[in-house]
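User: I want to learn how to read a protein model. Please walk me through it, one feature at a time.

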Amino acid sequence: MNEDRKIEELFKTLQGSFDTEEPGEGHEERFLQKLSNSKGVVRLAPKKNNWWRPLSIAASIMLLFAVGASLYTSRPSIEEQVAKISPEVSQTQFYFANLIEGQINDLVNESTPETKKLVDDTLLQLNKLEINYKKLEQDLINGGNSKLILSAMITNFQTRIDLLQEVMDKIENIKTFKNYDDENITI
């Protein structure tokens, strides 16, 4: 507390003697003139903006993104990896995939209000079989029992083809039954 009194006494004695006014006009120029007239004073050039540092950082970031993207895109796709393991699978897959795609298009074209639910259910089952096939591909890549997995992949394709054929037969039966009922109705 003794120090607090000393500080308070100091302010009391200095009260009114503080210079709180702004310097007059031209003060800065006069001050700079006096500085330049004194010996050993070196005038500094204004600081230049260094744009190279932010630009180099931005270029480094872009380079990292480019390298990362090239590494990411250079990985072979699942189909390419499967073809590398077993070229026969990729040929078989191409054949079956085209066959199934054609049958799916036929199925969708044959869809009527009477068969809509049957077609929708079939497409849902085909989607599940496709997901199962993707898992089999991943298992093959991960080094599972290749003979067993290849057999399961072919069975998956055959199941899809059989399902599509069965649904097309049911749609033909529905159309035949509808035409038969329409012919028997008399006015």
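Analyst: Start with helix 6, residues 116–141. Lys116 and Asp120 are 4 residues apart in helix 6, so about one helical turn separates them. Keep in mind that this is a predicted model.

User: Why does a spacing of three or four places matter in a helix?

Analyst: An α-helix has 3.6 residues a turn, so residues three or four places apart point the same way. Now the case here. Lys116 and Asp120 form a salt bridge, with their closest N and O atoms 3.1 Å apart.

User: How exposed are Lys116 and Asp120?

Analyst: Lys116 is partly exposed, at 46% relative accessible area. Asp120 is partly exposed too, at 38%.

User: How many salt bridges does the structure hold?

Analyst: The idea comes before the count. Side chains of opposite charge can pair when their charged atoms come close. The structure holds 8 salt bridges. One of them joins Glu130 and Arg160, at 2.5 Å from N to O.

User: Which helices hold Glu130 and Arg160?

Analyst: Glu130 lies in helix 6 and Arg160 in helix 7, residues 146–184. The pair therefore ties together parts that are 30 residues apart in sequence. Check the burial on each side. Arg160 is buried, with a relative accessible area of 5%. Glu130 is partly exposed, at 27%.

User: Where do Glu137 and Lys134 lie?

Analyst: Both are in helix 6, 3 residues apart, or about one turn. Their side chains meet in a salt bridge at 3.8 Å, N to O. Is Glu137 buried or exposed? Buried, because its relative accessibility is 0% and the cut-off for buried is under 20%. Lys134 is partly exposed, at 34%.

User: Which residues do shared salt-bridge partners join into one network?

Analyst: Glu130, Lys134, Glu137 and Arg160. When you read a salt bridge, look for partners that recur. Here they link these residues into one network.

User: Which residues of helix 6 are buried?

Analyst: Read along the helix and mark the covered positions. In helix 6 they are Val119, Thr122, Leu126, Leu129, Tyr133, Leu136, Glu137 and Leu140. Glu137 is thus on this list and in the salt-bridge network as well.

User: What span does helix 6 reach from its first C-alpha to its last?

Analyst: Compare the span with what the residue count predicts. Helix 6 has 26 residues and reaches 38 Å, close to the 38 Å expected at 1.5 Å a residue. Then look past the end. Gly143 follows helix 6, and its phi is positive, near 95°.

User: How many buried residues does helix 1 have?

Analyst: The count is 0 among its 13 residues, so helix 1 is hardly covered, given that buried means under 20% relative accessible area. Its span is 19 Å from first C-alpha to last, close to the 18 Å expected at 1.5 Å a residue. After helix 1 comes Gly16, with a positive phi near 90°.

User: Which residues make the nonpolar surface patch of about 490 Å²?

Analyst: Look for nonpolar side chains that are left uncovered. Ile7, Leu10, Phe11, Leu14 and Phe18 make this patch. Leu10 is placed in helix 1, residues 2–14. It is partly exposed, with a relative accessible area of 47%.

User: Now the inside. How many residues does the largest nonpolar core have?

Analyst: It has 16 residues. Those with the most contacts inside it are Ile100, Leu107, Ile149, Met153, Phe157, Leu164 and Ile171. Next, ask which elements supply the core. Helix 5 (87–109), helix 6 and helix 7 each give at least two residues. Helix 7 supplies the largest share, 8 residues.

User: Which residues does Leu164 contact, leaving aside neighbours within four places in sequence?

Analyst: Ile100, Gln103, Ile104, Leu107, Thr122 and Leu126. Thr122 and Leu126 also appear among the buried residues of helix 6.

User: How many helices and strands are there in the protein chain?

Analyst: There are 7 helices and 0 strands. From the N terminus the elements run α-α-α-α-α-α-α. Finish with the totals. Buried residues make up 14% of the 187 residues. The accessible surface is about 15,800 Å², and 58% of it belongs to carbon and sulfur atoms. For contacts between residues at least 6 apart in sequence, 72% join residues at least 24 apart.

Technical notes. Residues numbered from 1 in each chain as written. Predicted model: local features only at pLDDT ≥ 70, side-chain atom pairs only at ≥ 80, totals over all residues. Heavy atoms only, no water. Salt bridge = Lys/Arg side-chain N within 4 Å of Asp/Glu carboxyl O. Buried < 20%, exposed > 50% of the residue type's maximum accessible area, 1.4 Å probe, protein only. Patch = residues over 30% accessible without salt bridge, like charges linked within 9 Å, V, L, I, M, F, W, Y side chains within 5 Å. Areas by Shrake-Rupley, 256 points an atom, 1.4 Å probe, with all protein chains shown as cover. Core = buried A, V, L, I, M, F, W, Y, C linked by side-chain atoms within 4.5 Å. Contact = heavy atoms within 4.5 Å. Expected span 1.5 Å × (residues − 1).
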